[in-house]
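Me: I'm new to this one, so could we walk through it together? Show me the structure and I'll ask as we go.

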Amino acid sequence: MHQVQRRRGSPSTARGQPSLFGSARGIRIRPATVRDLETLRAHRRGMFVDMGVAPSRSLDGHDRRFIPWARARLRKGELFGLIAESRDGVPVASGCVWLREDQPRPWTERERSPYIMSIYTLPEWRRRGVANRIVRGLLRACRRQGYPMVRLNASRMGLSVYEGLGFERTTEMRRWLDPSRKRAYFSKRRG
Ligand SMILES: CC(C)(COP(=O)(O)OP(=O)(O)OC[C@H]1O[C@@H](n2cnc3c(N)ncnc32)[C@H](O)[C@@H]1OP(=O)(O)O)[C@@H](O)C(=O)NCCC(=O)NCCS
C-alpha cells in the first residue's frame with residue numbers, strides 16, 4: 001500500500017504561500033439538516049458535472065433518486081453532512097458522511113463504516129481551504145463517534161485535498177460487468 005506523507009498546517013499555508021484567491025475566513029461551517037437537501041443535491045450534481053462522469057439526462061434521474069435517499073438516511077442518522085456558508089449565507093461548499101452497513105472486520109466491532117461522499121466547493125470559492133475544513137470537520141465527527149477509519153473514492157480534483165489530510169491510496173479494485181456503461185459514463189471523465 002502506498003503511504004502518502006501527511007501535510008499538516010493550515011491549508012492556506014500548506015505550500016508556504018500566501019493566498020492568491022482570498023481566504024476561507026468568514027466561512028461558517030455548520031451541520032446539514034433536511035432543510036439543506038436541495039443544496040446537497042445541487043452540490044452533488046455539480047460534483048458529477050465537474051468530474052465529467054455523466055450526461056445530464058442521467059443526472060436528472062440521479063437527482064430524483066438522491067433526494068429521498070438522502071432524506072431517509074439523514075433522518076435515521078445514517079447520513080450527516082456539513083455546509084460551508086459565506087458571510088451572506090450562501091452555501092459555498094458541502095460534504096457528507098454515509099454510515100454504510102458493513103461486513104464484520106477484525107479491526108472494529110462496529111457494523112457500519114463511514115464513507116465520505118459528495119465533497120464539493122462552488123468554483124468561485126475553490127483554493128481557499130474550504131473543502132479542507134469540511135473534510136477535517138467530517139473526520140472529527142467520525143472520530144468522536146468512535147469509528148477507527150473512514151473511506152472515500154477520490155476524484156482527480158479531490159486527491160490532493162485528501163492526501164494532504166493523511167488519506168492513503170489502497171488497492172481497491174473494480175470490474176465493469178457492462179463495459180458500454182463505462183464508456184458512456186467515464187469517457188470524458190475530467191475529475
Ligand atoms: C475537489 C474540491 C472539492 C476541492 O475544493 P477546494 O475548496 O478548492 O479545496 P481546498 O481549497 O481545501 O484545496 C484545494 C487546493 O487549494 C489549495 N489552497 C488551499 N487554501 C488556499 C489558499 N488560501 N490559497 C491558495 N491555494 C489554497 C490547497 O492547498 C489545495 O492545493 P493542491 O490541490 O495544489 O494540493 C473542488 O475542487 C471541487 O468541488 N471539485 C469538483 C468536485 C470534486 O471533484 N469533488 C471531490 C469528489 S471526491
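Me: How many residues does helix α1 have, and what does it reach from its first C-alpha to its last?
Reply: This is a predicted model, where local features need pLDDT of at least 70, side-chain atom pairs count only at pLDDT 80 or more, and totals for chains, interfaces and linings use all residues. Residues are numbered from 1 along each chain as its sequence is written. Helices (H or I, at least four residues) and strands (E, at least two) are DSSP runs, numbered from the N terminus. The expected span is 1.5 Å times one less than the number of residues, and α1 (residues 37-51) comes close to its expected 21 Å, with 15 residues and a reach of 21 Å.

Me: Why are the buried residues of α1 on the same side?
Reply: Buried means 20 or more other C-beta atoms, placed from the backbone, within 10 Å of a residue's own (exposed is 12 or fewer, partly exposed in between). In α1 that gives L40, H43, R44, M47 and F48. They sit on the same side because they cover an arc, taken from the directions from the helix axis to the C-beta atoms, of only 140°.

Me: Which elements are included in what covers those buried residues of α1?
Reply: Contact here means C-beta atoms, placed from the backbone, within 7 Å. By that test, the cover includes α2 (56-76), β2 (79-85), β3 (91-101) and β4 (112-121).

Me: In what order do the strands of the open sheet come?
Reply: Two strands pair if DSSP finds at least two bridges between them. The sheet has five strands and mixed pairing. β1 (28-31) and β5 (151-152) each have a single partner strand, so they stand at the edges with one side lacking a neighbour in the sheet. The order is β1-β2-β3-β4-β5.

Me: Which strands does helix α3 touch?
Reply: α3 (residues 130-144) packs on the sheet, and its direction makes about 30° with that of β3. Axes are lines fitted to C-alpha atoms, for helices over the stretch in contact, and angles run from 0 to 180 degrees between N-to-C directions. The strands touched are β1, β2, β3 and β4.

Me: How many bridges join β2 to β3?
Reply: These two run antiparallel. Going across, F80 stands opposite V97 in β3, and I83 has S94 as its bridge partner. The count of bridges is seven.

Me: And which residue in the hairpin of β2 and β3 takes a positive phi?
Reply: Five residues lie between the strands of this hairpin. The phi in question is near 85°, and the residue is G89.

Notes:
Two residues are in contact if their C-beta atoms, placed from the backbone, lie within 7 Å.
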